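These are my notebook entries on a structure I went through element by element. I set down what I looked up and what I found.

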Amino acid sequence: MTGSDPLLEMRDLAVTFPVDDGPDIQAVESVDLTLRQGEVHGLVGESGSGKSVTARAILRLLDDARVNADELTFDSTDLLAQSEKDMRSTRGAEIGMIFQDSLSALNPVMTVGEQIAEVVRHHTDVGESTGTLSELRRKYITGTDETSESWKRAVELLEIVGIPDASTRASEYPHQLSGGQRQRVMIAQALAGDPSVIIADEPTTALDVTVEADILAELRSLCDDFDVSVLLITHDLGVVAETCDRVTVMYSGSVMEQGLTDSIFTSPSHPYTEGLLQSIPEYSAQSNDGELRTTPGSAPDPRNRPDGCPFRDRCPIAFDACSKPLPTHSVTDDHIIRCHDFTNDRPGDASGKPQQAQEIEVSE
Ligand SMILES: Nc1ncnc2c1ncn2[C@@H]1O[C@H](COP(=O)(O)OP(=O)(O)OP(=O)(O)O)[C@@H](O)[C@H]1O
Ligand SMILES: [Mg+2]
């Protein structure tokens, strides 16, 4: 699924956290990203690379930061210019969210069905009162009427996301469910407002591998069924290979490489992406002694980044030009890199790219 209409667009996004007694923290710089209709777009990078800050900037959930962008639009609506009231309706009805930590994201004193039914009432047209008093009464006294449309839809959504015995589980509290089931509840809650986009920030990181695989497969198929596009944040390129149509690779607040997943996995063009690919066993080029090759070192302190490319202190091919501002080059029409060491004919074998990585079959 490629070449579809842009749904969420950001151009030159910059996020800065002001610091009283020191230099400001430039968490994200010059990020361009387009989430297209019907696509799952992976946002990948190691810890601190700016993935969550980018997601929160889209949803305007960063009260303590300065957010600037030449463009930040959802379906052509300028998100930075929206009133807080309109933004509240955008969150949920247009853009659903799934966070990593379901125990803190879900309300511990409300049943899971209640939490989903509330989103249904607020963001879809079921004709039930959403006034403060009605909601408080439901929340603390009566619960949602189990014959109401919002409750029936909540149970249906729990079934859709694969919770067995959904009508009983709907009346349970988050702590009564397993971690995997709670993540499924979060997916149901994100779908409850019938959004066009879901932003999922490490939705399966806390789960074990088999549960993770099930949930990602479920998320992927739900997106196809519900025609929802997903921005999937992960630090795991294996997850991207299994789930995403496109991928943006971030490092220390900047985009390093971006494009169709199969293009990036078969022709990784940025040394940072190559390092990431080599750090996952199934895609890695192993040296003769069987050791996995990874990029040594760690990301710079965002208050003290080197000029130019933020990766240059770790980069195996860094040279003088890397202290200059990052250029953007097109590898193909659907694949860009931001690296000074680029020529269009930079072939994988001659540049030391991992041959195994070029042979990977990326499942769609
Ligand atoms: N509220 C804040 N105040 C100051 N700096 C912040 C704040 N939130 C994030 N940052 C900084 O912004 C940078 C990007 O953080 P972010 O949380 O987006 O990373 P991430 O890619 O999501 O990492 P992880 O994989 O660990 O979740 C980091 O350097 C972080 O310390
Ligand atoms: Mg994060």
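Which exposed residues does the face of H5 turned away from its buried side carry? I note first that I am working with a predicted model. On that face of H5, I found the exposed residues Thr132, Leu133, Tyr140 and Ile141.

**Entry 1: helix H5**

I then turned to the buried side of the helix. H5 spans residues 132-142, and within it I list Ser134, Glu135 and Arg138 as buried. These three cover an arc of only 100° around the axis, so they lie on the same side of H5. I looked up what this buried side meets: the buried residues of H5 pack against helix H4, which runs over 112-123. I also checked the residue that follows the helix. Just after H5, Gly143 adopts a positive phi of about 70°.

**Entry 2: ligand 1**

My next query concerned the surroundings of ligand 1. I retrieved 14 residues around ligand 1, and the closest of them are Ser47, Gly48, Lys51, Ser52 and Val53. I sorted the shell by residue class and obtained five nonpolar, five polar and four charged residues.

I went on to the polar pairs. For Gly48, a polar backbone atom is 2.8 Å from an oxygen atom of ligand 1. For Lys51, the partner of a ligand 1 oxygen atom is a polar side-chain atom, at 2.8 Å. For Ser52, an N or O atom of the side chain is 2.9 Å from an oxygen atom of ligand 1.

How much of the accessible area that ligand 1 has on its own does the protein cover? I recorded 640 Å² for ligand 1 on its own, of which the protein covers 65%. I then assigned the shell to elements: strand E2 (25-36) and helix H1 (51-58) are those that give two or more residues to it. H1 supplies the largest share of the shell, three residues.

**Entry 3: Thr273**

Is Thr273 buried or exposed? I looked up its relative accessibility, which is 0%, and therefore Thr273 counts as buried. Buried requires a value under 20%. I located Thr273 in helix H12, residues 271-278. Leaving out residues up to four places away in sequence, I found that Thr273 touches Val249, Glu257, Ile264 and Pro268.

Note on methods. Residues are numbered from 1 along each chain as its sequence is written. Chains are lettered from A and ligands numbered from 1 in the order in which they are written. This is a predicted model: local features need pLDDT of at least 70, side-chain atom pairs count only at pLDDT 80 or more; totals for chains, interfaces and linings use all residues. Side-chain values use heavy atoms; hydrogens and water are left out. A residue is near a molecule or strand if one of its heavy atoms lies within 4 Å of it. A polar contact is a pair of N or O atoms within 3.5 Å; within protein, one must be able to donate a hydrogen and the other to accept it, and residues adjacent in sequence count only if both atoms are side-chain atoms. Accessible areas come from the Shrake-Rupley method with a 1.4 Å probe; for residues, only the protein chains shown count as cover. Helices (H or I, at least four residues) and strands (E, at least two) are DSSP runs, numbered from the N terminus. Ala, Val, Leu, Ile, Met, Phe, Trp, Tyr, Cys and Pro count as nonpolar, Asp, Glu, Lys and Arg as charged, and the others, Gly among them, as polar. Buried means under 20% relative accessible area, exposed over 50%, partly exposed in between (1.4 Å probe, protein chains only). Contact means heavy atoms within 4.5 Å. The arc is that of the directions from the helix axis to the C-beta atoms.
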